[in-house]
Amino acid sequence: MKNKLSKWSQNQAFWPIVIFLLIILINSIMTGGDFLKITMVDGHFYGRIIDIFRNGGKLMILAAGMTMVLATGGTDISVGSVMAISGAIACSIIEGNLLPSLNGSVPAAIVLAICAGIICGLWNGFLVSKIQIQPIVATMILLVAGRGIAQLITNGKIITINSDAYYFINGGYILGLPFPLYIVIFLVGTLLLFVHRTAFGLFLESIGCNPKASKFAGIKVSGYLLAIYTISGAFAAVAGLIESAGIKGADCNNAGLNIEMDAILAVAIGGTNLMGGRFNILSSVVGALIVQSITTTVYALGVPAAYIRVLKALLIIVICLSQSDRFKQALAKAFASRKRREAAV
Amino acid sequence: MSNQEKLLTMTGISKSFGKAVKALDNVQFELNAGEIHALLGENGAGKSTLIKVLTGVEERDKGEITLDGKTIHPRSTDEAQKVGISTVYQEVNLCPNLSVAENIYIGRAPKTKFGGMDWKKMNADASKLLSGFGLNLNVQANLDNYSVAIQQMIAIARASDIKAKVLILDEPTSSLSQAEVNKLFEVMKKLKAEGMGIIFVTHFLDQVYEVTDRITVLRNGAYVGTYNTSDLPRMELVSKMIGKDYAALNKSVLDSKAEKKGSDKGEPFVKLDNVSHQGTINNIDMDIHKGEVLGLSGLLGSGRSETARVIFGLDSVSEGELKIKGEKVNFKHPIDAIRKDIAFCPEDRKTDGIIGDLSIRDNIVLALQTKKGLFKKISKKEAQILADKYIEQLEIKTPNADQLIKNLSGGNQQKVILARWLATNPELLMLDEPTRGIDVGTKAEIQKIVIDLASEGMAVLFISSELDEEIRCCQKIIVLRDMQQAGEVSDEEISQSAVMEIMAGGDNA
């Protein structure tokens with residue numbers, strides 16, 4: 001039993017899960033149990049916890065894609081802008097402004113929006129792997145230009161649409177659970193299967209640790225980089241669809257604003273080295289839940305809006321410290337010396 | 001050796017990395033003032049760790065260090081330097097983007113009256129210091145304008161100029177030419193006469209006998225003994241270092257070669273037909289047969305590694321034809337060569353070979369996995385069996401296959417890379433400097449493995465800048481000069497002088 005526990009605690013996802021549960025626990029105590037309450041209305045579950053999973057869906061998807069990008073030693077800061085493009089395309093098609101011949105078909109809108117994400121990802125991957133621009137600079141191009149492209153698509157307007165089918169992406173329920181959760185399970189599940197059932201994970205880690213030696217060992221490094229950025233772009237497009245279905249329209253200025261930082265943070269909290277190398281997708285997904293639950297927490301505690309960002313930053317500092325081996329060692333040392341002093345007295 | 005006072009003593013030093021790896025176990029060391037003391041041992045013996053403990057890079061778990069009678073406990077190289085311990089590491093760690101003079105005086109630059117940097121004095125001092133080492137450099141030029149050897153000399157100059165009591169030289173000569181080594185030894189003797197204690201870590205035994213007074217040997221993290229250099233015959237020293245009878249090991253290499261059957265003289269496995277690659281090799285014409293160890297010799301930049309790069313698909317064939325088993329090929333990427341059963345252990349193990357943050361197991365299966373392709377994943381169980389097999393067969397020193405490869409010593413890292421390629425079951429194995437920076441014991445082991453592999457029918461291309469090693473292992477040596485083939489010697493003709501004559505440009509070509 002003890003062995004099993006210690007084996008579990010070796011897992012990279014162990015501490016993120018503990019932290020997540022701790023946040024939930026603290027919340028439950030502070031709210032006198034309200035936080036944990038899940039009610040059933042019309043066969044749908046409602047409650048703070050359900051909210052975290054629903055609203056965290058976008059971030060979980062982005063974090064999964066971002067994990068792989070970071071594992072290769074790169075980064076993708078364009079995901080927020082890609083989300084804006086994806087939302088803009090889908091909404092414009094549904095509204096009938098873009099490609100009117102499609103008659104506002106929702107499936108076509110979704111497919112084309114995801115294709116746009118794939119093209120964005122390919123562009124990023126092309127810049128990074130073939131032109132060999134540093135990833136942060138390469139993806140900064142789309143970070144800046146992406147919102148401009150989105151605005152060109154919507155003619156600079158905020159589009160609102162009226163389509164129950166499209167709303168379902170964010171607001172729908174299946175078996176009582178919100179639909180975004182199923183999207184997360186499908187995408188992350190497929191990705192995990194691919195990473196673990198093939199040698200993809202090994203190759204990624206190898207590229208992240210030492211791209212030159214990886215080439216010598218026969219790995220087509222640039223091909224894999226291209227694939228990774230493409231996956232990240234496609235995932236960002238899906239996240240963009242969830243976001244725009246949530247606000248029932250496309251807002252090119254605010255869709256996915258600053259979310260790339262949350263995604264990178266989620267991966268960091270998950271314990272993946274941002275310099276590349278060993279990675280754990282599941283751990284990053286839990287990291288995304290932590291980031292989301294912090295936001296939910298500050299709302300639940302009724303913190304005035306002006307304090308929210310600072311409080312969030314403080315919580316992040318605490319979490320990062322709790323993940324740091326060096327800090328833990330220093331803490332253990334400080335305790336030990338205090339005990340010694342007390343014993344001496 | 002007029003001055004016999006004890007300068008530095010280290011006793012009972014222990015240091016572990018994690019639970020599994022005990023790098024030092026109750027090790028002792030002592031250094032007199034005015035002494036050059038060699039610290040020897042195989043890779044992984046604990047030399048580097050002992051140095052790191054002494055210079056504050058690593059904190060010791062147990063033990064005592066006294067310098068000049070006072071206990072010291074350095075926590076950083078900076079602290080170590082302040083108490084008078086100065087170090088030059090194997091890899092140059094200076095700032096390539098600063099000038100030579102800045103590198104020498106960084107952190108202790110001379111000041112003008114107004115508190116600014118006195119550039120004039122700094123540059124003049126630097127020139128003077130370096131000319132003492134026989135170097136006449138433009139001290140205002142950036143460091144990276146100079147070769148690694150020169151950079152190494154600058155690092156040594158810097159270390160000797162800091163008023164140190166103890167100077168540690170950690171393999172300073174591995175990138176130096178003979179003339180530069182001689183210069184270095186002069187300087188070392190001068191510093192010794194001034195009363196400095198010098199710790200000299202090296203793999204070159206000739207140099208140990210040339211310059212040191214005493215020798216301390218470590219093996220597997222434990223102290224073996226301290227001896228006067230003049231009292232310890234070389235064979236005995238090597239046996240102490242490897243913990244085995246060196247004479248026997250050496251004989252087994254020669255036996256393997258003598259027993260080795262002749263190579264298959266049919267169709268060559270690889271045929272280079274007037275192969276060129278723009279700017280690196282010109283009109284190379286050679287055959288590599290199965291069952292043969294072919295040596296490739298020549299000075300640095302003569303095209304040795306570059307030939308292997310072309311065969312491995314890292315560089316393209318710009319002219320001529322490369323044929324594998326008689327079939328013309330056009331490799332675009334190493335994977336194309338790997339699929340044709342070619343393997344290549346590159347020269348620079350650290351940047352081109354190891355994947356530092358991955359386990360030994362992952363490092364071993366990597367090439368086999370790329371050969372099989374993305375979708376045919378080698379299960380963890382199969383990988384474990386493979387890793388265990390090679391750990392045993394090549395005697396890789398590690399507690400288990402889960403250890404990260406970066407925690408292994410150089411020699412063991414090299415064995416892991418060798419295992420990576422053997423796992424792919426290659427027909428041609430190309431080895432570029434496979435024994436560089438590796439201790440004599442492991443060197444002989446690797447040489448024996450290479451000869452045995454050829455006996456079993458593998459074709460081996462062996463590149464080494466150590467001539468005696470090529471002569472020991474190869475049945476035929478092709479000598480390159482200025483990116484071109486200068487000549488070849490085989491079987492009985494092989495000798496040091498024959499090869500060197502071609503290298504230097506005799507008439508044999």
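This is a short tour of aromatic rings and of the interface between chain A and chain B. The model is predicted, so treat every stop as part of a prediction.

**Stop 1: a pair of rings**

Begin with the aromatic rings. Over all chains, a search of the whole structure finds twelve aromatic pairs. Select A:Phe14 and A:Trp15, which form one of them. How are the two rings arranged? They are edge-to-face, with 85 degrees between the planes. Centre to centre, the distance is 5.2 Å. Now show the surface. A:Phe14 has a relative accessible area of 19%, so this residue is buried, because buried means under 20%. A:Trp15 has 41%, so this residue is partly exposed.

**Stop 2: a tilted pair**

Next, select A:Phe194 and A:Phe200. Their ring centres are 4.8 Å apart. Why is the pair called tilted? The planes stand at 45 degrees, and tilted covers the pairs that are neither under 30 degrees nor over 60. Is A:Phe200 buried or exposed? A:Phe200 is buried, at 2% relative accessibility. A:Phe194 is partly exposed, at 27%.

**Stop 3: a cluster with both chains**

Keep those two rings on screen. Add A:Phe203, A:Tyr224 and B:Phe375. Together with A:Phe194 and A:Phe200 they form one aromatic cluster. Note the chain letters: B:Phe375 belongs to chain B, while A:Tyr224 belongs to chain A.

**Stop 4: a lysine over a ring**

Select A:Lys248 and A:Tyr167. Where is the lysine? A:Lys248 lies over the face of A:Tyr167, 4.5 Å from the ring centre.

**Stop 5: the interface**

Colour by chain. Here, 29 residues of chain B are in contact with 23 residues of chain A. The area buried between the two chains is about 2,200 Å². Carbon and sulfur atoms give 68% of that area. Which three residues of chain B supply more than any other three? Select B:His333, B:Asp352 and B:Leu374: they supply 26% of the area that chain B buries against chain A.

**Stop 6: a salt bridge**

Stay with B:Asp352 and add A:Lys212. Their side chains meet in a salt bridge, at 3.0 Å from N to O. The rule finds one salt bridge across this interface. Across the interface there are also nine residue pairs in polar contact, both at pLDDT 80 or more.

**Stop 7: the helices of chain B**

Switch to cartoon view. Helices H11 (334–339), H12 (349–353), H13 (360–372) and H15 (410–422) of chain B each supply at least two residues of the side that touches chain A. Which helix gives the largest share? Select H13(B), which supplies six residues.

Conventions. Residues are numbered from 1 along each chain as its sequence is written. Chains are lettered from A and ligands numbered from 1 in the order in which they are written. This is a predicted model: local features need pLDDT of at least 70, side-chain atom pairs count only at pLDDT 80 or more; totals for chains, interfaces and linings use all residues. Side-chain values use heavy atoms; hydrogens and water are left out. Rings of Phe, Tyr and Trp (its six-membered ring) pair if their centres lie within 6.5 Å; planes under 30 degrees apart count as stacked, over 60 as edge-to-face and the rest as tilted. Buried means under 20% relative accessible area, exposed over 50%, partly exposed in between (1.4 Å probe, protein chains only). A charge sits over a ring if NZ of Lys or CZ of Arg is within 6 Å of the ring centre and within 35 degrees of the ring normal. Contact means heavy atoms within 4.5 Å. Buried area is the accessible area (1.4 Å probe) that two parts lose on being put together, summed over both. A salt bridge is a side-chain nitrogen of Lys or Arg within 4 Å of a carboxyl oxygen of Asp or Glu. A polar contact is a pair of N or O atoms within 3.5 Å; within protein, one must be able to donate a hydrogen and the other to accept it, and residues adjacent in sequence count only if both atoms are side-chain atoms. Helices (H or I, at least four residues) and strands (E, at least two) are DSSP runs, numbered from the N terminus.
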